[in-house]
Amino acid sequence: MPSQSSTRIAEPLLGGPDGIHLASAGAQFRRGQAYIFAGILGVTTFLALALQGPCLSSGYEQPSASARMCAGPLSTAFLGQTNPEEALGRSTGGMAGLSPIDARFVQLLKLMTDDVSVFMAIVLLVNVIAFAALGVALLVLARQRAWLVTAFASPVILFTVGSTLDPVALALSVWAMAIFVGSSPVTPRPWLSGVLLAIAAFINPLALLVLLAFSLAGPRPAGRLSPRDPRMMFAAATITSAIILVLDGSAIERIMHWMSDAVDGGSFASILVMARLGTAEVWAPVWIIGSAGVIAAVAISLYMVRRTGLDPAVAACLLIGGCLLLAPGMMPWDSLWILPFFALTVRRWWVLIIWALAETTFAIAIHLGDVAAIESDKGLEPTFVALVTLLRLLALVAVVICAGENLYRRRIRGRLLRTEPPRRVDDDHPTVRVQGHGNPT
């Protein structure tokens, strides 16, 4: 008789591998839980706005804006400034470093006002609405809501609410997922998902990885998700992207500029530049190619295992995490993209806590590193910034491993359900058969 662990033997008494005999929460309990999480998100957003308060009154002047943790690409570009040249491992930034939609947003508001505080007040209002929309989308998608506290109370929100328009792009991407899978009460509309993802991609190209995750999981989704044909979504995304490229002729030029100035904080490439082992121009194409190779490897792996059911949230977490691991730049607004899929995928509290601490430490370190580049006697030396960056990358490795473990466990359970042959039950020794049930999240 093959040996089995005590946990495996006790599974029939505990409700099966996934607790199939446990009672489901009622509608009243779920509504109360949703209100609590909405309150947590509201408190987190309020603290993020409070962090921006001193800069709104001082006009986002450097280096005080970086010292107060409220400087960002949008405020810097609006003021016509760039990142300090002495800040090793940082991109040039400025207006030329913004995404197409971010740049058009800044240019449009500059026609309305010259006051950076008014401009940033509008940015904060837009991003607060985006975070609220993101929270609603997660409540629509989630099946195990206890883990959403990871996203709603995340320190990443504190440091990205006034940085870029990435909260808007992320909200569009998560709503695209909710619309694509058709989670109740949302009606599935793949073409609308394609439009939303195309718009989000012109704020941050990481939205394209969400599109790739949908295309891989659509025909064979996990759990109780219904199969979806991704062709309509792809067609709508392509048409929308073509329209944006025609309307904004600078999009291609900005993409080329980004590739030449891609090395930024939070990456292995930035650590090498801070150690003076080569320049950003040398390392940028190397790490771009490496990141593309990781994306291809993860996509091929997901395609090979999707016959047992593929969760789009797990696929997106693996694709984005793998991309950011070797990306030439990984600022806080980039790691914001992994946050909702991380909350829907990883269910180990120690990983969630480590990731939150790593993000908080890095966000503080990168700002203090910019302060040191402006005033050498203040701020944080590049050596300490590089150390914090390395620890953050190790935390990202743990996130990717845990997301892959989620995929592996689901695949094994699905295989047990299909390959375990029916067995004859003896009268004297009845055999209890355990079946695996896919988890929709």
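Buried means a relative accessible area under 20%, exposed means over 50%, and partly exposed lies in between, with a 1.4 Å probe and protein chains only. The structure is a predicted model, in which local features need pLDDT of at least 70 and side-chain atom pairs count only at pLDDT 80 or more, while totals for chains, interfaces and linings use all residues. Residues are numbered from 1 along each chain as its sequence is written, and side-chain values use heavy atoms, with hydrogens and water left out.

**Exercise 1. Describe how the rings of F78 and F119 are arranged, and state whether these residues are buried or exposed.**

Solution. Begin with the rule: rings of Phe, Tyr and Trp (its six-membered ring) pair if their centres lie within 6.5 Å, and planes under 30 degrees apart count as stacked, over 60 as edge-to-face and the rest as tilted. By this rule the count comes to 6 aromatic pairs. One of them joins F37 and F152, whose centres are 6.0 Å apart and whose planes make 70 degrees, which is edge-to-face. F37 belongs to helix α3 (residues 27-58) and F152 to helix α8 (residues 149-152), so this pair ties together parts that are 115 residues apart in sequence; helices here are DSSP runs (H or I, at least four residues), numbered from the N terminus. Both F37 and F152 are buried.

Next take F78 and F119, which form a stacked pair with 4.4 Å from centre to centre and 10 degrees between the planes. Since F78 lies in helix α5 and F119 in helix α7 (residues 116-141), the pair ties together parts that are 41 residues apart in sequence. F78 is buried, and F119 is buried as well. Finally, F78, F105 and F119 form one aromatic cluster, and K110 lies over the face of F78, at 5.5 Å from the ring centre. A charge sits over a ring if NZ of Lys or CZ of Arg is within 6 Å of the ring centre and within 35 degrees of the ring normal.

**Exercise 2. Find the partner with which D248 forms a salt bridge, and locate both residues.**

Solution. A salt bridge is a side-chain nitrogen of Lys or Arg within 4 Å of a carboxyl oxygen of Asp or Glu, and a search of the whole structure finds 6 of these salt bridges. D248 forms one with R104, where the closest N and O atoms are 2.8 Å apart. This pair links distant parts of the chain, for D248 is in the loop between α13 and α14 while R104 is in helix α6, 144 residues apart. D248 is buried, because its relative accessible area is 7%, whereas R104, at 40%, is partly exposed.

**Exercise 3. Locate E405 and R348, and work out how far apart they are along the chain.**

Solution. E405 forms a salt bridge with R348, and their closest N and O atoms are 2.8 Å apart. E405 is in helix α21 (residues 382-419), R348 is in the loop between α19 (339-345) and α20 (349-374), and the pair links distant parts of the chain, 57 residues apart. With a relative accessible area of 25%, E405 is partly exposed, and R348, with 30%, is also partly exposed.

**Exercise 4. Compare the surroundings of S99 and A237: which residues is each in contact with?**

Solution. Contact means heavy atoms within 4.5 Å. S99 lies in the loop between α5 (73-78) and α6 (100-110), and it counts as buried because its relative accessibility is 14%. Leaving aside neighbours within four places in sequence, S99 is in contact with F202, I203 and R254.

A237, in turn, is found in helix α13 (residues 231-247), and at 6% relative accessibility A237 counts as buried. Once neighbours within four places in sequence are left aside, A237 is in contact with G194, A198 and L211. A distance between backbone atoms can be added to this picture: the C-alpha atoms of A237 and L208, which are 29 residues apart along the chain, are separated by 9.6 Å.

Technical notes. Helix = DSSP H or I, 4+ residues; strand = E, 2+ residues; numbered from the N terminus.
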